[in-house]
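Visitor: I am new to this structure, and I would like a close look at a single part of it. Please take me to one place where the two chains meet, and then lead me outward from there.

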Amino acid sequence: MTVATVPDMNPPRRKSFYKRNEIALTPWLFLAPGILFFAIYVIIPIFQSFNLSLYAWDGLGEARYVGIANYQELMTDRAFEVSLWNNVKWLAFYLLAIPAGLFIALFLNQTVVGIRLYKSLFFFPFVISQVVVGLVFAWFYNPSFGLLNTILGWVGLGPINVLGDPTMVTYGIIAAGLWPQTAYCMILYLTGLNAVDPEQIEAGRLDGAKGFRMLWHIILPQLKPATFICFVVTIIGALRSFDLISIMTNGGPFGSSRVLSFYMFEKALSEYGFRMGYGAAIAVVLFLIMLVFIAYFLFSMFREERGH
Amino acid sequence: MFPTPIEKTSRPWQLTYQGLLPLALIMWLLPLIAVAIFSVKPAADFTTGNYWGAPSSFEGIANYMAVFTQSDMPRYLLNSFLITIPTVVGCIVLSSMTGFALGIYRFKSNLLIFFMFVAGNFVPFQILMIPVRDLTLNLGLYDTKMGLVLFHIAFQTGFCTLFMRNFIRALPFELIEAARVEGIAEWRIYWFVVLPLMKPALAAMAVLVFTFIWNDYFWAVVLTQGPSAQPVTAGITSFNAQFGVAYHMLSAGSIVAALPPVAMFFLMQKHFIAGLTLGAVK
């Protein structure tokens with residue numbers, strides 16, 4: 001800048017550095033606290049866990065570098081295999097929440113008296129903590145007095161001990177998890193159904209489409225955003241399953257209902273000893289599984305962003 | 001509207017539908033109804049094996065009173081509030097700022113930072129568990145409410161940023177441009193233009209985060225251990241240990257623990273549902 005030779009009566013004040021770069025600087029100032037928190041508690045810990053999985057550490061003494069020994073041990077660990085296999089079951093069966101949610105949403109998508117209250121009450125299970133859902137279902141399955149066996153008794157079946165049977169226990173817990181998850185998908189679909197274009201339905205009706213064909217060719221394509229969100233939250237929910245297992249069976253019987261998230265917790269923090277490094281290795285495996293889905297979600301979002 | 005509106009269908013189907021509705025609801029909520037009935041039964045019903053019959057006497061008031069007077073439950077409930085409310089406030093503050101920055105400004109790494117928040121929001125808790133526990137221990141915050149609050153704020157910022165940013169993107173950008181032409185400082189645009197418009201989104205987000213945090217169990221177990229800091233989700237396990245097989249007490253305790261988010265949901269229903277679907281299904 002050239003300095004005026006003749007001093008002005010009101011010299012234009014030189015703008016501050018911030019003022020000159022306001023548009024460029026402001027977003028970073030606004031982002032700083034959020035990024036700081038997120039980096040300290042989320043981003044950096046991910047890398048720390050990766051690092052820790054190469055060590056043997058009891059949480060107190062010195063950590064000892066062991067290379068990939070923890071991962072080698074995982075390969076031969078029966079309990080790890082059971083947990084991994086249970087995770088696959090969770091992923092597969094938890095997805096039933098999506099068609100179930102759609103079914104209930106279609107059932108409730110009417111305008112009769114009191115339907116709003118019905119919709120809210122159907123949504124109820126999602127608002128309740130998984131801890132309470134777990135307790136409630138543990139009693140529901142109880143072999144001596146549970147409602148399930150009482151009902152089975154009426155038709156001359158049972159009694160079955162769902163949570164005490166290694167072959168049934170995981171399915172029993174997944175069923176409990178499906179209850180709130182179905183409610184979640186239901187509400188997403190109900191909102192989606194609200195936005196379905198009525199003209200397309202009318203056009204479809206004129207073309208003679210009805211029932212399942214109408215649903216498949218006209219309604220479902222329009223519900224795609226809802227389906228995507230259902231898919232995201234259900235996959236995440238399946239891989240995060242921990243509360244229900246901890247409350248209902250504590251991993252049992254004989255560790256047959258463990259999943260990776262629970263097994264990791266057990267190895268790292270419970271009475272089975274503080275094997276932090278081994279726990280971190282399990283967490284890394286779980287993270288890598290999740291990463292496949294995260295990458296897919298982000299890719300879909302990215303395409304969406306580009307589209308705009 | 002799909003399926004065919006009920007008023008356009010045959011009379012018998014209309015009646016069937018009206019009858020099916022309450023029936024389906026009862027089936028759907030059966031486990032909860034059972035617990036509600038358990039919670040008003042006297043202890044004697046369980047020793048005599050009267051599990052599913054009508055309560056022999058109504059002991060609801062006595063049972064719920066006992067939850068509040070004979071256990072640490074009030075303490076756990078208070079802890080839950082003292083953890084949940086500061087977390088909600090913290091999330092609103094942080095994510096309204098990050099959402100504003102990512103929603104309004106165009107700069108090179110915008111999308112990258114946004115995706116970092118989104119991706120972080122999806123990671124399994126276990127990959128964070130050991131480092132976060134260590135960090136909390138080193139800060140001297142293990143077994144304190146503060147330790148939990150700080151972590152929850154940080155983690156929920158991921159979800160909340162996604163939420164806020166998508167909402168702000170949908171605002172008419174001309175408003176901001178008009179303000180800039182007027183020469184209004186950027187932070188004033190945030191405070192006086194964008195923030196007032198975000199009120200419904202903030203309400204929706206607050207209800208959602210309240211529910212998420214109230215219902216958190218994993219982090220409560222990892223970062224706290226006693227009645228001094230544990231929220232009700234973790235506290236209920238010690239409550240259960242205390243009452244053993246006293247099912248009337250366990251049921252009453254569960255209902256008390258579940259109630260605040262339920263109340264929140266019914267009070268702010270419109271916001272809640274808007275929140276669950278915002279940015280995705282409009």
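Guide: Let us begin with one residue of chain B, Phe155(B), which, once its neighbours within four places in sequence are set aside, is in contact with Tyr41(A) and Val42(A). Please keep in mind throughout that this is a predicted model. Phe155(B) lies in helix H8 of chain B, and it is buried, because 26 other C-beta atoms lie within 10 Å and a count of 20 or more is what makes a residue buried. Within its own chain, Phe155(B) can also be placed relative to Phe117(B), for the two are 38 residues apart in sequence and 9.1 Å apart in space, measured out here from C-alpha to C-alpha.

From this residue we can widen the view to the contact between the chains, which takes 78 residues from chain A and 73 residues from chain B. On the side of chain A that touches chain B, the element that gives the most is helix H2 of chain A, residues 22-52, with 18 residues. Sorted by class, that side of chain A has 59 nonpolar, 15 polar and four charged residues.

Helix H2(A) is worth following across to the other chain, where helix H5 of chain B, residues 73-104, comes up against it: the two axes come within 8 Å and cross at roughly 130°. H2(A) and H5(B) are therefore oblique to each other, and H2(A) passes H5(B) in a left-handed crossing. On the H2(A) side the residues that meet H5(B) are Pro27(A), Phe30(A), Leu31(A), Pro33(A), Gly34(A) and Phe37(A), while H5(B) brings Leu94(B), Ser95(B), Met97(B), Thr98(B), Phe100(B) and Ala101(B). Taken by class, the residues of this contact divide into nine nonpolar, three polar and no charged.

Helix H5(B) also has a partner in its own chain, since it packs with helix H13 of chain B, residues 232-243, at an angle of about 165° and with the axes 9 Å apart. An angle over 145 degrees counts as roughly antiparallel, and so H5(B) is roughly antiparallel to H13(B). H5(B) passes H13(B) in a right-handed crossing, and the contact is made by Met73(B), Tyr76(B), Leu77(B) and Ser80(B) of H5(B) together with Val232(B), Gly235(B) and Phe239(B) of H13(B). By class, this contact has five nonpolar, two polar and no charged residues.

Before leaving chain B, please look at the loop between helix H7 (126-138) and helix H8 (145-169), where Asp143(B) is found. Its phi is near 60°, a positive value in a residue other than glycine, and Asp143(B) is partly exposed, with 16 other C-beta atoms within 10 Å. As background, most residues other than glycine have a negative phi.

Chain A offers a residue of this kind as well, for Asn250(A) has a positive phi of about 55° although it is not a glycine. Asn250(A) sits in the loop between helix H13 (243-248) and helix H14 (260-269) of chain A, and it counts as partly exposed, with 14 C-beta neighbours inside 10 Å. Thr249(A) is found in the loop between H13 and H14 of chain A too, but Thr249(A) is buried, with 23 other C-beta atoms within 10 Å. Leaving aside neighbours within four places in sequence, Thr249(A) is in contact with Leu163(A), Val169(A), Ile173(A) and Ser257(A).

The loop leads into H14(A), whose axis comes within 8 Å of that of helix H15 of chain A, residues 276-307, the two crossing at roughly 165°. That makes H14(A) roughly antiparallel to H15(A), and H14(A) passes H15(A) in a left-handed crossing. Among the residues making the contact are Leu260(A) and Met264(A) of H14(A), and Ile282(A) and Leu286(A) of H15(A). The residues of this contact divide into 10 nonpolar, two polar and one charged.

Ile282(A) and Leu286(A) appear again in the largest nonpolar core, where, of its 164 residues, they touch the most other members together with Met186(A) and Tyr189(A). Helix H9 of chain A, residues 169-194, gives the most to this core, with 15 residues.

Technical notes. Residues are numbered from 1 along each chain as its sequence is written. Chains are lettered from A and ligands numbered from 1 in the order in which they are written. This is a predicted model: local features need pLDDT of at least 70, side-chain atom pairs count only at pLDDT 80 or more; totals for chains, interfaces and linings use all residues. Two residues are in contact if their C-beta atoms, placed from the backbone, lie within 7 Å. Helices (H or I, at least four residues) and strands (E, at least two) are DSSP runs, numbered from the N terminus. Ala, Val, Leu, Ile, Met, Phe, Trp, Tyr, Cys and Pro count as nonpolar, Asp, Glu, Lys and Arg as charged, and the others, Gly among them, as polar. Axes are lines fitted to C-alpha atoms, for helices over the stretch in contact, and angles run from 0 to 180 degrees between N-to-C directions. Angles under 35 degrees count as roughly parallel, over 145 as roughly antiparallel, 65 to 115 as roughly perpendicular and the rest as oblique. A crossing is left-handed if the near helix is turned anticlockwise from the far one by less than a right angle, and right-handed if clockwise. A residue is buried if 20 or more other C-beta atoms lie within 10 Å of its own, exposed if 12 or fewer, and partly exposed in between; C-beta atoms are placed from the backbone. A nonpolar core is a set of buried Ala, Val, Leu, Ile, Met, Phe, Trp, Tyr and Cys residues joined through C-beta atoms within 7 Å.
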